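Biologist: I'm new to this one. Could you walk me through it and tell me how you justify the labels?

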Amino acid sequence: MLHGSLCDFVQGFTTNAPFVSMVRMSENHMDASTNVYELSYLIVPDVAEEDVVSEMTALKDQASRFGASFISEEAPKYIDLAYQMERDIANKKHKFNNGYFGWVKFELPPEKVAELNEELARSDKLIRFMIISTVKENTMAPKKAPRAEGRTRTGKKEEGEETEEEMSTEEVDKKIEEMATAE
Amino acid sequence: MKQDYFSANNIKYIDYKDTEILKKFLNPNAKIMGKRKTGVTAKNQRKLTTAIKRARFMGLLPYIAK
């Protein structure tokens, strides 16, 4: 009996633990009443290159109607998809191998996300989209300097040494000539 | 890759858009490498897996290759 009650206690505790942390989290967010989200999207390739920006602003307008305040974004870029995607647009199946990929980061009240999600799902201009929760800071890793540094350095060193040697021999020659002329 | 790639390179967030980094952790069939092979900490391996799956959904990385 004792063991059973202990187990119950432990179970109750462990099941409560995440709940407590959830409450704390929501308390933290209470001040701002918004969370940070990132919307990434693939616009259909049929859209002309110059109209893509207007599509992006249309998406942003949709989000701002729900009270989104934007943090950062990247304009849609034409990319080759890693695999073929299918999507029904106006009851017709379309296959895509390319699309314009872009993303935008914004703050939004959590209860509005589902509504935004529903509205975006109705769009005919999007192959796919995804809303994820993220952080305000830039999450992209900084681009590293090209890796070939080591190789070029050694190459340069060798070249440098060679030139130094050549210079020194030339100098020696010059000095000898100078000596000869002096004599 | 013996040491954790992400802590070695000071990467705090594993972003699904950094496909060049994520590609390092895919095998030729585009399957996600195991943690024994990647040497990434368990915490980062979970983040890495999420990032790769997100990138796959958005068509940035393949589900299968070859």
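Modeller: Sure, let's go through the sheet, the helices on it and the contact between the chains. Keep in mind that this is a predicted model.

Biologist: What makes strand S1 and strand S3 of chain A a pair?

Modeller: Two strands count as paired when there are at least two bridges between them. S1 (residues 35-43) and S3 (residues 92-108) of chain A share 9 bridges, in the antiparallel sense, so they pass that test. One example is A:Ile43, whose bridge partner in S3(A) is A:Tyr100.

Biologist: Which order do the strands of the sheet take?

Modeller: S2-S3-S1-S4 in chain A, 4 strands with antiparallel pairing, forming an open sheet.

Biologist: Why are S2 and S4 of chain A called edge strands?

Modeller: Strand S2 (69-89) and strand S4 (126-133) each pair on one side only. As for the twist, neighbouring strands are turned by 20 degrees against each other on average, ignoring direction.

Biologist: Which helices of chain A lie on the sheet?

Modeller: Helix H2 (residues 52-65) of chain A lies across S1, S2, S3 and S4, at about 115 degrees to S2(A). Helix H3 (residues 113-121) of chain A packs on the sheet too, touching S1, S2, S3 and S4, and its direction makes about 170 degrees with that of S4(A).

Biologist: Now the two chains. How much area do chain A and chain B bury between them?

Modeller: About 1700 Å², with 64% of it on carbon and sulfur atoms. The contact takes 23 residues from chain A and 17 residues from chain B.

Biologist: How do you know that B:Lys17 and A:Glu38 form a salt bridge?

Modeller: The cut-off is 4 Å from a Lys or Arg side-chain nitrogen to an Asp or Glu carboxyl oxygen. For B:Lys17 and A:Glu38 the N to O distance is 2.6 Å, so the pair qualifies. Between chain A and chain B the count is 1 salt bridge, while the structure holds 7 over all chains. This pair runs from the loop between helix H1 (5-8) and helix H2 (19-23) of chain B to strand S1 of chain A.

Biologist: And how many residue pairs are in polar contact across the interface?

Modeller: The rule finds 10 between chain A and chain B. On the side of chain A that touches chain B, S1, S2, S3 and S4 each supply at least two residues. The largest share there, 6 residues, comes from S2(A). That side divides into 15 nonpolar, 3 polar and 5 charged residues.

Note on methods: Residues numbered from 1 in each chain as written. Chains lettered and ligands numbered in written order. Predicted model: local features only at pLDDT ≥ 70, side-chain atom pairs only at ≥ 80, totals over all residues. Heavy atoms only, no water. Axes fitted to C-alpha atoms, helices over the stretch in contact; angles between N-to-C directions. Contact = heavy atoms within 4.5 Å. Buried area = accessible area lost by both parts, 1.4 Å probe. Polar contact = N/O pair within 3.5 Å; in protein donor to acceptor, adjacent residues only side chain to side chain. Nonpolar A, V, L, I, M, F, W, Y, C, P; charged D, E, K, R; others polar.
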